[in-house]
Amino acid sequence: MDSLEAKVNGYLHGNARGRAVNEACGPFHIGFDAGNASPFLNYAVPEAGATVTPADIDALVAAFAKRDRTPRLEFAPGGAPGVQEALLAAGFEVQQRLPFMLVTAAELVGPAALDGIEVVVLDGSATDEELRGVALAQREAFGDSQEPQDDADFTDDVAGLRATVTAGKFAVLARGAAGSASAGVPMAGGACGSAIAGTTEVGGIATRPAFRRRGAGAAVTAALSRHLLEKVGLDCVWLSPAGADQERLYGSIGYRSLGEMLFIWKQ
């Protein structure tokens, strides 16, 4: 049975295979962006448990050079032992290391019932209003403006989320419960990727500034995670915390630190 880190790496490898422009290269798979040379949009992932030789790395570098792209990889080293060392020996340099956290059905806690807040997991039957609520939470949490965005145009955001749920992925929304003073008001939201190799990534967890410190962020994360683990039947779910506060929040619902994501390149 694959380790949990191998499952995470298998997810990343599957994502690379699913890119519109992708290329198999020995034990690696590369996802390319045909119209943008940014290293962040062009990267390879090794197969889980792959054995990598110097010749494999030379072929990988050549594949990037053929498309005038910077050789770069994103993967979980714990799920592909020895690959990091082989790349460093070949002259690659660590660009960034990011921790990730993971939870299984047996470990997950919640979602807790919150006074005046209801949480709904959204699929292809979601309304535009519900998807707009998720987009609103994400824009206020991650955008540059410090002002409420209730009256902003979310046409493109809703279209993107509609494509997400239509493709079989899920989003999640916390809103004011019926009968409460904030009935129907969006408070927090998030989404997830495709199910690959028995896992998926939860991301974009966002709480509107006006509704923080009420447990909505933990609630939407727990609700979406439980749906993925129990309804979809995944073995585990993972995410990358943005900082110590987020790590504590996710830890409160059962997520645990498992390893790190490695971003490595050869400039």
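A pocket here is an open set of grid points where a 1.4 Å probe fits, with protein on both sides within 12 Å along at least five of seven lines. The structure is a predicted model, and two of its pockets are described below.

The largest pocket has a volume of about 690 Å³. Its lining is made of 24 residues, and those closest to the centre are Ile205, Thr207, Gln246, Leu249 and Tyr250. Four elements give two or more residues each to this lining: the helices α4 (128-142), α6 (216-231) and α7 (244-251), and the strand β9 (202-207). The largest share comes from β9, with 6 residues.

The second largest pocket has a volume of about 310 Å³. It is lined by 13 residues, with Leu12, Tyr43, Glu74, Glu201 and Trp238 closest to the centre. Here α1 (4-17) and β11 (256-265) each supply at least two lining residues. The largest share, 3 residues, is from α1.

The table sets out the classes of the lining residues.

| Pocket | Nonpolar | Polar | Charged |
|---|---|---|---|
| Largest pocket | 12 residues | 7 residues | 5 residues |
| Second largest pocket | 8 residues | 3 residues | 2 residues |

To put the elements beside the classes: the lining of the largest pocket, to which β9 gives 6 residues, includes 12 nonpolar residues and 5 charged ones. The lining of the second largest pocket, to which α1 gives 3 residues, includes 8 nonpolar residues and 2 charged ones.

Notes. Residues numbered from 1 in each chain as written. Predicted model: local features only at pLDDT ≥ 70, side-chain atom pairs only at ≥ 80, totals over all residues. Heavy atoms only, no water. 1 Å grid on protein atoms, 1.4 Å probe; cavity = no way out; pocket = protein on both sides within 12 Å on 5 of 7 lines; lining within 4 Å. Points joined across faces, edges and corners; volume = space filled by probe spheres on them. Nonpolar A, V, L, I, M, F, W, Y, C, P; charged D, E, K, R; others polar.
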